[in-house]
Amino acid sequence: MQSRFDKIIDRRNSGCYKYDALSMIYGKSDLIPLWVADMDFAVSDAILDALSERLEHPVFGYNFRLNDFSEAIVSWEQRRFNWNIHKDWIISVPGLVPALSLFVLAFTEPGEGVLIQTPVYRPFYDAVIDHNRKLITSALINNNGVYSIDWDDFENKLKQAKLFILCSPHNPVGRVWTEEELCKIGSLCAKYKVIVFSDEIHADIVYPGYKHIPFASLADFSNFCLTGVSPSKSFNIAGLATAVVIISNSVIRDKFMVMNTKLHLYLGNSFGIKALIAAYNDSENWLEELLCYLNGNREYISNFVQNELPGVLLSPIEGTFLAWLDFRNWGLPEPKLQEMIIKKAGLALEPGSEFGDKDEGFMRLNFGCPRSILELALSKIKLLAEDL
Ligand SMILES: Cc1ncc(COP(=O)(O)O)c(C=O)c1O
């Protein structure tokens with residue numbers, strides 16, 4: 001049966017980074033772009049309707065969020081994650097990447113340590129390095145593609161850190177942290193008095209058998225945790241620049257808010273505000289359909305890699321629409337692997353080095369696209385394998 005997500009939408013020349021920046025980043029524009037983490041799907045009708053309705057009002061001045069904005073977030077966290085938050089805990093930001101910088105700026109001085117778990121989304125590194133703070137990394141253990149925390153190392157690194165940025169679910173390795181893991185992280189951070197930013201942008205995209213648990217909903221972790229939440233990944237509205245940070249501890253919240261106000265980042269985007277409300281209040285069925293479709297893509301990749309690409313290892317995808325592929329058996333340094341993927345296969349994937357990976361042989365593939373595109377892309381990787 002056809003799904004609405006099977007539809008191929010031409011995004012070229014719409015001013016989108018994923019397609020229109022291909023030449024700039026990859027040196028070629030005729031590639032299948034499976035890199036930047038947005039999806040090639042149309043948004044829900046509810047979001048489109050809300051945006052059209054907003055367009056009917058012809059003034060686009062500075063925004064003030066009415067109660068419906070925070071109520072939509074409170075209700076979403078309650079319904080989807082059984083997490084009871086108060087509307088006063090919500091602070092608006094233009095995105096979670098800027099929120100990472102705000103976090104680092106608000107709670108550290110230059111030279112102080114911030115811990116991240118690697119490999120991880122590049123802006124986690126940037127938020128620390130760009131502000132001259134000390135980057136502390138704890139590498140996840142990779143056991144045949146299955147990633148876990150090196151607890152001894154994590155604890156040792158926490159001793160030198162003031163802050164920790166958690167990626168939950170984790171981009172790029174696809175882990176959805178278990179309650180046990182989150183509790184252990186939390187009790188160690190409490191022990192060493194480390195403040196946590198839990199980036200939960202991928203929270204809505206979790207597959208059967210796995211459960212996202214907001215870090216701040218456990219034990220007393222909300223006392224020292226800021227949680228980044230956004231509909232931008234799950235409802236495909238990243239271009240509308242709208243996210244929030246949820247902070248229950250009023251001292252931490254005030255400090256974060258001062259930095260947000262100083263940088264004038266709180267006013268928001270007229271369309272993003274409307275889209276967030278329509279996403280959380282009226283697009284839940286659309287999201288369920290999306291999750292089924294993405295799960296189909298996920299199963300397709302898993303089967304394909306297992307049966308058709310024997311030299312390639314895929315990490316189990318517990319959450320996100322991102323597949324983390326290990327090509328190290330091909331024995332190629334990353335630049336060579338990347339060149340083959342671009343020039344011979346005609347694909348744009350995100351190389352492992354973008355996530356700080358030193359092993360040179362990993363690629364991240366974004367499968368938030370119609371199945372037919374995914375099939376074509378994987379068949380091109382298979383041809384590469386046959387040509388080795
Ligand atoms: C873990 C993580 N955080 C943040 C972002 C981007 O956040 P924003 O667009 O809200 O700045 C991404 C996008 O891929 C991500 O994977």
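# A guided tour, starting from helix α10

In this predicted model, begin by selecting helix α10, whose buried residues pack against α3 (45-55), α4, β9 (225-229) and α11 (284-308). The residues of α10 that count as buried are S270, G272, I273, A275, L276, I277, A278, A279 and Y280, and showing their side chains together with the four partner elements brings up the packing just described. The helix runs over residues 270-282, and its 13 residues reach 18 Å from the first C-alpha to the last, close to the 18 Å expected at 1.5 Å a residue. At its N-terminal end, select N269, which caps α10 with a side-chain oxygen lying 2.8 Å from the backbone nitrogen of F271.

From the cap, step back into the loop between α9 (250-262) and α10, where H264 lies. The phi of H264 is near 60°, a positive value in a residue other than glycine, and H264 is partly exposed, with a relative accessible area of 48%. Most residues other than glycine have a negative phi. A second residue to compare is T320, in the loop between β11 (313-314) and β12 (322-326); T320 is likewise not a glycine and has a positive phi of about 75°, but T320 is buried, with a relative accessible area of 0%.

## The enclosed space

Return to Y280 on α10, which is one of the residues that line the largest cavity. The search of the whole structure finds 1 cavity of 30 Å³ or more, and about 50 Å³ of space lies in the largest cavity. To display its wall, select W76, E77, F81, E200, A203, D204, H212, V229, S230 and Y280. Which helix gives the most to this lining? Helix α4 (residues 67-81) does, with 3 residues. By class, the lining of the largest cavity has 5 nonpolar, 2 polar and 3 charged residues.

Two of these lining residues, E200 and H212, lead to the next stop, since both are also touched by S168, so select S168 next, in the loop between β7 (163-167) and α8 (179-191). Is S168 buried or exposed? S168 is buried, with a relative accessible area of 2%, and buried here means under 20%. Leaving aside residues up to four places away in sequence, S168 touches W177, L182, S198, D199, E200 and H212. The peptide bond from S168 to P169 is cis, with omega near -5°, and P169 lies in that loop between β7 and α8 as well.

Another cis peptide bond, with omega about 0°, joins T118 and P119. P119 is placed in the loop between β3 (113-118) and α6. Most peptide bonds are trans.

## The largest pocket

Helix α6 (122-129) takes the tour to the largest pocket, where α5 (96-107) and α6 each supply at least two residues of the lining. About 610 Å³ of space lies in this pocket. Of the 31 residues that line the largest pocket, the closest to its centre are V36, V97, Y121, P123 and K233, and these make a convenient selection on which to centre the view. The residues of the lining divide into 18 nonpolar, 6 polar and 7 charged.

## Two buried residues with distant partners in sequence

Next, select A243, which lies in strand β10 (residues 243-247) and counts as buried at 2% relative accessibility. What is in contact with A243, apart from its neighbours within four places in sequence? The contacts are I91, S92, V93, P94, G95, L96, V229 and S230, and V229 and S230 have already appeared in the lining of the largest cavity. To see the chain come back on itself here, draw the C-alpha to C-alpha distance from A243 to G228, which is 7.5 Å for residues 15 apart in sequence.

End the tour at C369, in the loop between β15 (362-366) and α13 (371-387). At 1% relative accessibility, C369 counts as buried. Not counting residues up to four places away in sequence, C369 touches L34, D40, F41, Y293, N297 and L374. For a last distance, select C369 and I9, which are 360 residues apart in sequence and 9.7 Å apart in space, C-alpha to C-alpha.

Definitions and conventions. Residues are numbered from 1 along each chain as its sequence is written. This is a predicted model: local features need pLDDT of at least 70, side-chain atom pairs count only at pLDDT 80 or more; totals for chains, interfaces and linings use all residues. Side-chain values use heavy atoms; hydrogens and water are left out. On a 1 Å grid over the protein atoms alone, a cavity is a set of points where a 1.4 Å probe fits but cannot get out, and a pocket is an open set with protein on both sides within 12 Å along at least five of seven lines; lining residues have an atom within 4 Å of a point. Grid points are joined across faces, edges and corners, and a volume is the space filled by probe spheres set on the points. Ala, Val, Leu, Ile, Met, Phe, Trp, Tyr, Cys and Pro count as nonpolar, Asp, Glu, Lys and Arg as charged, and the others, Gly among them, as polar. The expected span of a helix is 1.5 Å times one less than its number of residues. Buried means under 20% relative accessible area, exposed over 50%, partly exposed in between (1.4 Å probe, protein chains only). Contact means heavy atoms within 4.5 Å. A polar contact is a pair of N or O atoms within 3.5 Å; within protein, one must be able to donate a hydrogen and the other to accept it, and residues adjacent in sequence count only if both atoms are side-chain atoms.
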